[in-house]
Amino acid sequence: MKDGFIKVAAVTPKVKVADPEYNTKEIIKIIRQAGDEEASLLVFSELAVSGYTCGDLFLQDPLLEESLKGLMEIKKETKGMDMVVTVGCPLVVEHKLYNCGVFLFDGRILGVVPKIHLPNYGEFYEARHFAKGKREVKDILLDGEYVPFGANILLECTNIPELTIAMEICEDLWVPLPPSTHHALAGATVICNPSASVETTTKEVYRSALVSNQSARLLSGYVYANAGEGESTTDVVYSGHHLICENGTVLAEAKRFVNDIIYADMDVKRLVAERRKMTTFFEEDSEEYRSVPFILPVKVNQITRKFPKNPFVPSSREEREKRCDEILSIQSMGLKKRLEHTNCTHAVVGISGGLDSTLAVLVTVRAFDMLDIPRENIICVTMPCFGTTDRTYQNAVSLIHELGATLKEVNIEKAVRQHFKDIEHEEDVHDVTYENSQARERTQILMDIANKYNGMVIGTGDMSELALGWATYNGDHMSMYAVNCSVPKTLVRYLVLYYAETVENKELSDVLMDVLDTPVSPELLPPVDGVISQKTEDLVGPYELHDFFLYYMLRFGFPKAKLYRMAKLTFAGDYDDETIQKWLDKFYWRFFSQQFKRSCLPDGPKVGSVAVSPRGDLRMPSDASVNIWQKS
């Protein structure tokens, strides 16, 4: 599909053991169903044509002949379909019987993959019936045509170069060095696994972890189709537990004991972007592999995949609380180390009553507690001026009181007015000079107070502001250690909320909840009737949109058109298409034009997979052109 999304499916038919004729009809029904759903890759379970639990009947010619006949009928069914089908079938090759997975496409057999590792323990007796497959690929004659046979087969989509498909079968995944590891290193981005894994208590969890972890380790997609209802229950039961994973994430998982087909939109461009970034993902010599080309039409299918509105924030409460505590610890440990290294026992924080400065002081308190430094050594400075409202002022005062830090108030109105006179600026002209004069005056005060106490200025600005350049250069842009520099705005809110919900001090919790309820504002313009008049998101756009754009652009390098498509799907009902397009255009323009501010950032701790430090994650020239990104 367009933008690298490939619709994949995993399924098992309700088989009749040792009845290839019946099973073939069921498989064909499912192929037609998946075709109607516009799947591009369909994976059936292990030995689906014959049934996996045939036992010694695998040694009988009638079963093998009927299985081959069924496979040929299935092959014909794929004629004219834009879908790769993987089906399991027992096949005789050079007088040996192999447990095989067969790649079918457009009425052809693209390759036959034999199972390499044959389980012969517990309930499994595969070595009794099947020969061990090899990685080496050779041509074999199958029903009158020569086809590749061997584990090292790569199906390469010539018009979607990010899509390369390989296969391993059931037990192959459970061994210390699975064939899929070699496949991925040779270029495979999607691994198919026709499987017959028996169901026992707790095995579901282990199986799910195994498949998802392998997809993460290989930076690949993984389509796992497990045998289910219809297989013999003489001694064991099969549950039809299918899994579709992408780089460690379970995109779709079948309900057990129900022979349902599952679908998912796999993003192969995202996988390739991850591999490009991870330079330790080396390529194995692919000369031992047979490449088989095929072509899939690129279609603009409807995407059923969901993208989180807040990609930086876990959706489940339990995981979110765990993540918040972890991030607060990372921030605090970073500051703790800097304080120890500089023998610094005082910190200075500009406190405004807003979210960012609140988070910064909470982190500072944690670091001081770790070092057993009295909290009163944290000098919190509130610097009211033209835009300060009573609400934010009172919240700042109450917050510092409840935390036990030291509060200093420095009203900067006179100093700023003097500055306006010095630079000949009219006070009633509320332009960028009017705003930035206040921000820089505040930074000067913080730096000088830090000198007075031999302390350190703690930065409050967050990553979303840095991405948009929403910071006054050499104003709030500057500090001696920036604890929030890799925390996006959408996550700042949850970190403060977590602190509010877990702190035992009710008065402190109430203050934090009111801070959370206050509109985001730099408060640099005079209030109207005592209420904040300058709301950041009215000027630069909604932070939830910008954080969404930032995550997928920096993390995976997605082009603008793909981001727009994803955002329209994700924020449908929240923003119309024109609004999304407007702020997406604005995001790219600001991100590129404001790099010079990020090029000289203070030190600060990285907390997630996306960061903008010029020393770590974003070595970007300050004068790079945005043109091709705006057109992408």
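A residue is exposed when its relative accessible area is over 50%, buried when it is under 20%, and partly exposed in between. D517 has a relative accessibility of 56%, so D517 counts as exposed. The model discussed here is predicted.

**From D517 to helix 9**

D517 forms a salt bridge with R391. Their closest N and O atoms are 3.4 Å apart. R391 sits in helix 9, and D517 in the loop between helix 14 and helix 15 (536-540). The pair therefore ties together parts that are 126 residues apart in sequence. R391 is partly exposed, with a relative accessible area of 32%.

**Helix 14**

Helix 14 spans residues 506-516. Its buried residues are L508, S509, V511, L512, V515 and L516. Why do they line one face of the helix? Seen down the axis of helix 14, the buried residues fall within an arc of 160 degrees, so they line one face. The general rule behind such patterns is simple: an α-helix has 3.6 residues a turn, so residues three or four places apart point the same way.

What covers these buried residues? The cover includes helix 8 (355-371), helix 9 (390-403) and helix 13 (489-502). At the N-terminal end of helix 14, N505 acts as a cap. A side-chain oxygen of N505 lies 3.0 Å from the backbone nitrogen of E507.

**Salt bridges**

The count of salt bridges comes to 39. Three of them are tabulated here.

| Pair | Closest N to O distance |
|---|---|
| R256 and E199 | 2.8 Å |
| R366 and D325 | 3.0 Å |
| R391 and D517 | 3.4 Å |

Take R256 and E199, whose side chains meet in a salt bridge. This pair links distant parts of the chain, 57 residues apart. R256 is in the loop between strand 13 (249-253) and strand 14 (262-267). E199 is in the loop between strand 10 (190-195) and helix 5 (203-218). Is E199 buried or exposed? E199 counts as buried, at 11% relative accessibility. R256 is partly exposed, with a relative accessible area of 27%. Both residues belong to a network of salt bridges that links E199, E204, R207 and R256.

Next, R366 forms a salt bridge with D325. Here too the pair links distant parts of the chain: R366 is in helix 8 and D325 in helix 7 (residues 317-341), 41 residues apart. D325 is partly exposed, with a relative accessible area of 31%.

Terms used:
Residues are numbered from 1 along each chain as its sequence is written. This is a predicted model: local features need pLDDT of at least 70, side-chain atom pairs count only at pLDDT 80 or more; totals for chains, interfaces and linings use all residues. Side-chain values use heavy atoms; hydrogens and water are left out. Buried means under 20% relative accessible area, exposed over 50%, partly exposed in between (1.4 Å probe, protein chains only). Helices (H or I, at least four residues) and strands (E, at least two) are DSSP runs, numbered from the N terminus. The arc is that of the directions from the helix axis to the C-beta atoms. Contact means heavy atoms within 4.5 Å. A polar contact is a pair of N or O atoms within 3.5 Å; within protein, one must be able to donate a hydrogen and the other to accept it, and residues adjacent in sequence count only if both atoms are side-chain atoms. A salt bridge is a side-chain nitrogen of Lys or Arg within 4 Å of a carboxyl oxygen of Asp or Glu.
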